[in-house]
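Trainee: Could we go through this model together, one question at a time?
Mentor: Gladly; let's have a look.

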Amino acid sequence: MANTLEKIGIDHRKFVMLAVMLFGAFIAILNQTLLTPALPSIMREMDVDASTAQWLTTGFMLVNGIMIPVTAYLIERFTTRQLFFISMGVFTLGTFIAAISATFAMVLLARVLQAAGAGILMPMLQTIMLLALPRQYRGVGMGLIGLVIGCAPAVGPVAAGFIIDAFGWHILFYGMTPLALLTIVVAYFFLENMGETSKPGLDITSVILSTLGFGGLLYSFSAIGSYGVNATVLATLAVGAVALILFIYRQLHMEEPLLNMHIMSNKKFIISVVLTMLVQAALIVGTVLNPIYIQTIRGYGATVSGLIMLPASVAMLIMSPISGRLFDKFGPRVLAIPGLFVTALFTIPMIVMDENTPLLWLSFVYTVRTIGLSLVNMPLNTWGLNALDNSVMAHGTAIGNTFRQVAGSLGTAVLVTVMSIVVAASADPTSNPAQIHGINMAYLGAGLMMFAALVLTIIFVKEDNKN
């Protein structure tokens with residue numbers, strides 16, 4: 001192990017530094033997934049309805065998505081240590097407030113603080129990982145990030161369900177608070193500054209346009225997926241789209257842009273962004289549709305739903321570092337083409353499943369489909385970022401993370417809307433066959449996305465191991 005780390009330029013101190021940052025990101029992502037099983041308990045304790053309680057997840061997503069575009073500026077403006085302590089400190093404060101919350105307003109404030117900290121951590125981690133590793137070994141580092149992204153959703157909902165039943169939802173955040181504090185303490189001794197800092201100007205107009213643009217799109221897509229299309233959603237979508245267009249135009253005509261959109265002219269980078277957006281949409285929609293099928297149609301509880309989907313998350317956390325190593329050895333094409341083919345192929349059983357489909361078969365199919373996605377997501381992301389100069393790496397990670405988050409919300413909104421339209425058009429919309437047919441058609445849409453991604457990869461991703 002030590003020889004391998006030395007070979008790729010990672011000494012003991014740098015290894016601990018990256019491990020600390022990975023653990024901080026793990027806690028942040030874990031807290032994002034912990035709250036979903038707790039929503040019914042919070043609704044009872046705080047006496048709020050489902051639409052109000054949903055703001056604890058929607059609000060987290062909105063603030064997280066709004067913060068990500070600003071991270072490029074923050075990474076250039078502050079040192080690694082300063083930014084990590086600020087973001088982790090804000091996140092820890094939010095976690096503690098969540099633990100002691102006695103009102104819904106306190107819980108919502110806590111989630112906003114958590115999201116603000118978490119929104120900075122992930123792009124910063126990716127930037128630091130890419131700067132710390134030689135170009136030919138970046139796949140390994142990004143694979144480790146993929147492991148964190150896969151592990152947290154695997155552990156979070158299942159563990160949270162048992163803990164909430166036994167001790168209540170407050171204990172989730174009481175348990176996370178000392179872990180977050182420990183991360184800060186260890187980071188104080190081992191975290192080093194990476195890259196050069198500067199003093200770029202902060203254009204307030206760009207911040208406002210970014211907030212309105214990305215915030216408006218994320219909210220409207222989330223609302224469409226949850227409540228369908230209405231006048232308020234359409235107005236928010238229009239405001240978000242116009243603000244985003246103005247934001248991009250402004251960035252292209254500024255000497256010191258908040259987000260350097262000029263890098264979108266890099267062919268490899270833009271192809272990787274488009275492909276990973278398609279993959280993210282297909283990945284997220286499975287986490288939405290499967291619980292609907294298992295719980296609403298088949299009548300099982302949330303714990304069973306989590307256990308059925310657990311093998312897929314475990315498979316992703318195992319495959320992420322493996323796919324990173326394979327990327328460093330072979331490049332993206334050798335992984336992405338078979339990965340997308342497997343994903344598209346194993347989406348077919350989802351298109352034809354019915355109310356008698358064995359849940360073990362569903363779990364197996366979903367797991368293999370996820371393995372296919374794990375061969376695509378981080379390798380293509382790394383390939384695109386490798387095409388950028390280190391001086392704009394922070395902007396690359398911010399753009400990639402932002403558009404993937406938008407893609408996840410958009411994909412969910414579109415495919416859930418497809419499901420709703422199909423169900424509403426049936427003779428008996430409340431029947432199980434109608435509900436299942438809607439899910440089938442939504443998965444058909446996801447399969448078409450994967451087929452499109454496969455075609456684009458065959459045409460445009462030509463790189464070998466000299467990526």
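Mentor: What follows is a talk about cores, helix packing and one loop residue.

Mentor: This is a predicted model, in which local features need pLDDT of at least 70, side-chain atom pairs count only at pLDDT 80 or more, and totals for chains, interfaces and linings use all residues. Residues are numbered from 1 along each chain as its sequence is written, and side-chain values use heavy atoms, with hydrogens and water left out.

Trainee: Which helix gives the most to the largest nonpolar core?
Mentor: A nonpolar core is a set of buried Ala, Val, Leu, Ile, Met, Phe, Trp, Tyr and Cys residues joined through side-chain atoms within 4.5 Å. The largest one has 94 residues, and Phe 84, Met 124, Ile 145 and Trp 169 touch the most other members. With 15 residues, the top contributor to this core is helix H8 (residues 104-132; helices are DSSP runs of H or I, at least four residues, numbered from the N terminus).

Trainee: How many residues are in the second, separate core?
Mentor: Its members include Val 279, Ala 336, Leu 359 and Tyr 443. The size of this second core is 50 residues.

Trainee: Is Ile 145 buried or exposed?
Mentor: Ile 145 is found in helix H9 (residues 138-167). Leaving aside neighbours within four places in sequence, Ile 145 is in contact (heavy atoms within 4.5 Å) with Leu 22, Met 122, Leu 125, Gln 126, Met 129 and Met 378. Buried means under 20% relative accessible area, exposed over 50%, and partly exposed in between, using a 1.4 Å probe and protein chains only. Because its relative accessible area is 0%, Ile 145 is buried.

Trainee: What separates the C-alpha atoms of Ile 145 and Met 21?
Mentor: Along the chain, Ile 145 and Met 21 are 124 residues apart. Their C-alpha atoms are separated by 10.0 Å.

Trainee: What is the relative accessible area of Ser 87?
Mentor: Ser 87 is found in helix H7 (residues 80-100). Leaving aside neighbours within four places in sequence, Ser 87 is in contact with Gly 117, Ile 120, Leu 121 and Met 124. Ser 87 is buried, and its relative accessible area is 1%.

Trainee: At what angle do H13 and H19 pack?
Mentor: Axes are lines fitted to C-alpha atoms, for helices over the stretch in contact, and angles run from 0 to 180 degrees between N-to-C directions. Helix H13 (residues 267-297) and helix H19 (residues 393-424) have their axes 7 Å apart, and they pack at an angle of about 45°. Angles under 35 degrees count as roughly parallel, over 145 as roughly antiparallel, 65 to 115 as roughly perpendicular and the rest as oblique, so H13 is oblique to H19.

Trainee: How is H7 oriented to H10?
Mentor: The axes of H7 and helix H10 (residues 170-190) come within 8 Å. They cross at roughly 160°. That angle makes H7, relative to H10, roughly antiparallel.

Trainee: Where is Asp 47 placed?
Mentor: Phi of Asp 47 is near 55°, a positive value in a residue other than glycine. Asp 47 is exposed, with a relative accessible area of 70%. Its place is in the loop between helix H3 (39-46) and helix H4 (50-53).

Terms used. Helix = DSSP H or I, 4+ residues; strand = E, 2+ residues; numbered from the N terminus.
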